[in-house]
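Please open the structure in a viewer and keep the selection panel at hand. The tour proceeds by selections, each followed by a description of what is found there.

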Amino acid sequence: MPRDTRNRHAAIRLPDLRIDSCNLPLRDPDGDGFLGDRASQTAFRRFLDARRRHHFTGRRDPFGRTATHAISKSEIDLVLVGGDADAAHLVHAAVEDHAHQLAGVVRGFLATDDWHGVRRIVIGGGFPGSRVGALSVRRAARLLKLARSGVDLSLLRHDGDDAGLLGWVPLAPAATHRHDAFLAVDIGGTNIRCGIVAPRFDQREDGSRARVLERSQWRHATESPDREDAVTRMAAMLNGLIAHARTLGLRLAPFVGIACPGQIHVDGRILHGAQNLPGDWEAEHFRLADVLQQRLDRIGTRAPLVLLHNDAVVQGLSERPRMASVERWGVLTIGTGLGNASYTNRRA
């Protein structure tokens with residue numbers, strides 16, 4: 001059995017699972033960008049905008065003069081449950097466009113060595129949490145089935161806000177299992193979420209009963225902080241949760257798991273992919289774990305261990321109990337961009 005590396009940044013070997021790849025930068029063979037950009041949330045809005053410009057002009061447009069990027073996801077979702085018929089037609093057409101692109105992106109990943117043999121893919125991120133996003137994923141799954149691709153697509157089972165925290169249950173070092181809960185963080189380009197995670201291994205050994213007991217969230221995108229401000233705010237959120245855990249009488253493990261965008265080096269540096277975070281998180285001498293640890297309160301008598309991993313990897317691992325019956329599986333997270341990771345289940 002491979003060595004367990006859960007006590008390191010960007011661990012790739014767990015007792016019965018291997019993380020094969022993450023953050024693969026597949027180039028678009030027909031363009032200058034990345035393949036995943038074809039199926040991002042931004043891409044869906046491009047499809048919707050193109051449909052608007054092709055079919056409607058001026059006041060005939062059911063969305064009026066509102067720019068496509070300014071239409072909220074909730075407004076688009078409402079169109080599908082009793083809105084204007086022309087607007088509903090537009091949205092369904094854009095969903096069909098996006099679903100075909102998503103199916104193509106999936107086939108592109110399956111053609112790589114890192115994704116060879118993947119049989120199930122869970123789709124996470126912010127976009128599938130909307131009605132139109134879920135509809136696109138289901139349509140893409142149908143297209144792949146009709147094409148006999150041999151892969152099944154499914155939506156993230158957990159709430160998207162919780163998945164980036166719950167994925168630390170299989171990643172957390174074995175020493176955390178002696179405690180009731182630990183702390184986890186999910187850093188995104190819009191929000192930073194911190195939570196108290198209870199693995200509840202006493203109820204199910206596979207971690208499928210894990211729960212987020214308490215969560216705090218900061219929408220940093222509306223405040224445009226620099227990196228120093230963001231780290232200070234994150235530490236304050238975590239220290240508040242440490243105090244709250246004491247109030248609840250929880251035996252909190254001295255551990256914090258942080259999910260963030262980009263490629264994470266084993267020394268804790270964020271090598272690339274963090275361009276949407278506030279400030280320069282890819283600076284050569286910046287180590288988020290070290291800087292944050294210095295600002296955290298002790299848990300019991302110990303300073304907490306802080307570890308980083310890629311956010312798509314962590315979100316995908318929240319679905320690990322559901323993927324136990326297949327050898328190879330993956331995750332695609334659809335947001336402003338498209339995150340990705342693939343895994344192999346190892347059996348003793």
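The stops below concern a pair of packed helices, a cavity and two pockets in what is a predicted model.

**First stop: two helices**

Select α1 (41-55) together with helix α3, residues 85-110. How far apart are their axes, and at what angle do the helices pack? The axes of α1 and α3 lie 9 Å apart, and the angle is about 135°. The two helices are therefore oblique to each other. The crossing in which α1 passes α3 is right-handed.

Next, display the side chains at this contact. On the α1 side, select Phe44, Phe47, Leu48, Arg51, Arg52 and His55. On the α3 side, the residues to select are Leu90, Val91, Ala93, Ala94, Val95, Asp97, His98 and Gln101. Coloured by class, the contact of α1 with α3 shows 8 nonpolar, 3 polar and 3 charged residues.

**Second stop: the cavity**

Keep α1 in view. The structure holds 1 cavity of 30 Å³ or more, and the space in the largest cavity amounts to about 30 Å³. To find it, select Gln41, Phe44, Arg45, Lys73, Ile76, Phe127 and Val132, which form its lining. Two elements, α1 and α2 (73-79), give two or more residues to this lining. Which element provides the largest share of the lining? That element is α1, with 3 residues. By class, the lining of the largest cavity comprises 4 nonpolar, 1 polar and 2 charged residues. Phe44 thus appears at both stops: in the lining of the cavity and in the contact of α1 with α3.

**Third stop: the largest pocket**

Now select Gly189, Asp311, Gly335, Thr336 and Gly337. The largest pocket has a volume of about 1,600 Å³, and these five are the closest to its centre of the 45 residues that line it. To extend the view, add α5 (160-166), β5 (181-187), α9 (311-317), β12 (328-334) and β13 (338-345), each of which supplies at least two lining residues. How is the lining of the largest pocket divided by class? It has 12 nonpolar, 25 polar and 8 charged residues.

**Fourth stop: the second largest pocket**

Finally, move to the second largest pocket, which holds about 400 Å³ of space. Select Asp16, Pro170, Asp206, Arg320 and Pro321, the closest to its centre among the 23 residues that line this pocket. The lining of the second largest pocket has 9 nonpolar, 6 polar and 8 charged residues.

Terms used: Residues are numbered from 1 along each chain as its sequence is written. This is a predicted model: local features need pLDDT of at least 70, side-chain atom pairs count only at pLDDT 80 or more; totals for chains, interfaces and linings use all residues. Side-chain values use heavy atoms; hydrogens and water are left out. On a 1 Å grid over the protein atoms alone, a cavity is a set of points where a 1.4 Å probe fits but cannot get out, and a pocket is an open set with protein on both sides within 12 Å along at least five of seven lines; lining residues have an atom within 4 Å of a point. Grid points are joined across faces, edges and corners, and a volume is the space filled by probe spheres set on the points. Helices (H or I, at least four residues) and strands (E, at least two) are DSSP runs, numbered from the N terminus. Ala, Val, Leu, Ile, Met, Phe, Trp, Tyr, Cys and Pro count as nonpolar, Asp, Glu, Lys and Arg as charged, and the others, Gly among them, as polar. Axes are lines fitted to C-alpha atoms, for helices over the stretch in contact, and angles run from 0 to 180 degrees between N-to-C directions. Angles under 35 degrees count as roughly parallel, over 145 as roughly antiparallel, 65 to 115 as roughly perpendicular and the rest as oblique. A crossing is left-handed if the near helix is turned anticlockwise from the far one by less than a right angle, and right-handed if clockwise. Contact means heavy atoms within 4.5 Å.
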